[in-house]
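Reader: I would like to learn how to read this model one feature at a time. Please give the general idea before each case.

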Amino acid sequence: MWRKCELHDPVRKPNYLLTLTVGIQQKDIVNKIVSKFSENFTIILFHYDGKTSEWDLFEWSQRAIHISTIKQAKWWYAKRFLHPDIVASYDYIFIWDEDLGVDHFNAEEYVKLVKKHGLEISQPAVTSDKGFTFDITRKRNNVEIHRRADIKECPNPSYPPCSGFIEIMAPVFSRKSWKCVWHIIQNDLVHGWGLDFAFHRCVEQKPVENIGVVDAQWIKHLVFIFGKRDKNKTSKAFKKQKSNTIPFTGELRMIRLQ
Ligand SMILES: [Mn+2]
């Protein structure tokens with residue numbers, strides 16, 4: 001009887017969502033990232049270079065959702081395609097960059113820690129060969145998570161970027177917090193700068209408690225990726241975006257949308 005019931009169970013839907021904004025040049029790093037996420041995760045790839053079928057060399061590509069709109073950036077995709085009602089079935093949403101080393105990261109273990117510590121908005125702790133923008137995201141030893149920066153120069157220890165703060169490179173949102181964060185992303189937002197300073201508004205009751213950095217599952221920021229790209233082009237593009245947001249001009253193609 002038991003076995004029979006099991007066979008007739010509908011296919012279990014994934015509980016969590018991972019989105020990655022990717023270009024085919026980074027396929028090997030992206031493949032490693034995806035390998036750290038179990039089948040409990042739905043995977044969405046946002047293709048900024050328009051290359052989609054090229055990913056089929058990876059077995060998991062068949063079960064991923066591919067969304068291709070050329071030359072857009074992560075928060076643009078998030079605003080367009082991750083409306084809270086659309087992603088309401090997921091307990092946690094990972095909205096990640098493609099330049100992350102995951103040798104010391106496992107997504108299921110990460111989720112366990114986030115639940116245990118009640119983190120509505122979080123990110124894995126970070127190591128980097130190129131220094132840090134914000135002290136609070138730096139990996140610490142011998143703790144599972146931390147919630148505050150470890151520096152004396154904080155003008156106000158209870159406010160971003162000293163607490164209630166994570167960066168935009170590898171954020172993880174609970175369903176509830178995403179519902180709020182999605183609304184504060186501007187429609188024409190391209191690069192996401194400054195958004196991290198607004199995250200704490202989405203856990204109004206206890207931002208210092210409910211936003212944190214997970215040390216026990218950590219990532220490496222592979223900033224060299226940007227060195228590989230045309231540096232001039234990148235910085236020019238950022239400057240342009242800063243002064244003049246880019247309207248949606250790309251061709252929109254969605255394939256294998258489940
Ligand atoms: Mn990066």
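Author: A nonpolar core is a set of buried Ala, Val, Leu, Ile, Met, Phe, Trp, Tyr and Cys residues joined through C-beta atoms within 7 Å. In soluble globular proteins, nonpolar side chains tend to be buried together. In this predicted model, the largest such core has 60 residues, and Leu17, Tyr92 and Ile93 have the most contacts inside it.

Reader: Which residues does Leu17 touch, leaving aside those up to four places away in sequence?

Author: Leu17 touches Phe41, Thr42, Ile44, Val87, Tyr90, Ile93 and Phe94.

Reader: What is the overall make-up of the protein chain?

Author: The protein chain contains eight helices and 10 strands. Of its 258 residues, 37% are buried. Where contacts join residues at least 6 apart in sequence, 76% of them link residues at least 24 apart.

Reader: How should I read the burial pattern of a helix?

Author: An α-helix has 3.6 residues a turn, so residues three or four places apart point the same way. In helix α2 (residues 27-35), the buried residues are Val30, Ile33 and Val34. They cover an arc of only 95° around the axis, so they sit on the same side of α2. Asp28 and Ser35 are exposed, on the face of α2 turned away from its buried side.

Reader: What covers the buried residues of α2?

Author: The cover includes β1, β2 and β5 (100-101).

Reader: Which residues of α3 are buried?

Author: In α3 (residues 74-81), Lys74, Trp75, Trp76, Tyr77 and Ala78 are buried. They pack against β1 (16-22), β2 (41-47), β3 (65-68) and β4 (92-96).

Reader: Now a strand. Why is β6 described as largely enclosed by the rest of the structure?

Author: In a regular strand the side chains alternate between the two faces of the sheet. As for β6 (residues 121-127), six of its seven residues are buried, so the strand is largely enclosed by the rest of the structure.

Reader: Which strands pair with β6, and in the parallel or the antiparallel sense?

Author: β6 pairs with β8 (residues 172-174) in the antiparallel sense over two bridges, and Ser122 stands opposite Val172 of β8. With β9 (residues 211-221), β6 pairs in the parallel sense over seven bridges. There, Gln123 has Val213 as its bridge partner.

Reader: How do I read unusual backbone geometry?

Author: Most residues other than glycine have a negative phi, and most peptide bonds are trans. Lys71, in the loop between β3 and α3, has a positive phi near 60°. Asn142, in the loop between β6 and β7, also has a positive phi, of about 65°. A cis peptide bond joins Pro160 and Pro161, with omega about 5°. Pro161 lies in the loop between β7 (145-146) and β8.

Reader: Why does Lys71 count as partly exposed, and why does Asn142 count as exposed?

Author: The reason is the neighbour count, as a residue is exposed at 12 or fewer C-beta neighbours within 10 Å and buried at 20 or more, with partly exposed in between. Lys71 has 13 C-beta neighbours inside 10 Å, so it is partly exposed. Asn142 has 6 inside 10 Å, so it is exposed.

Reader: Where does pLDDT stay under 50?

Author: Average pLDDT for the protein chain is 83, and 80% of the residues score at least 70. Over residues 1-9, pLDDT stays under 50, and the model has zero contacts beyond four places in sequence for them. Over residues 225-258, pLDDT also stays under 50, and the model has 25 such contacts for that stretch.

Key
Residues are numbered from 1 along each chain as its sequence is written. Helices (H or I, at least four residues) and strands (E, at least two) are DSSP runs, numbered from the N terminus. Two residues are in contact if their C-beta atoms, placed from the backbone, lie within 7 Å. Two strands pair if DSSP finds at least two bridges between them. pLDDT is the predictor's confidence in each residue, from 0 to 100. The arc is that of the directions from the helix axis to the C-beta atoms.
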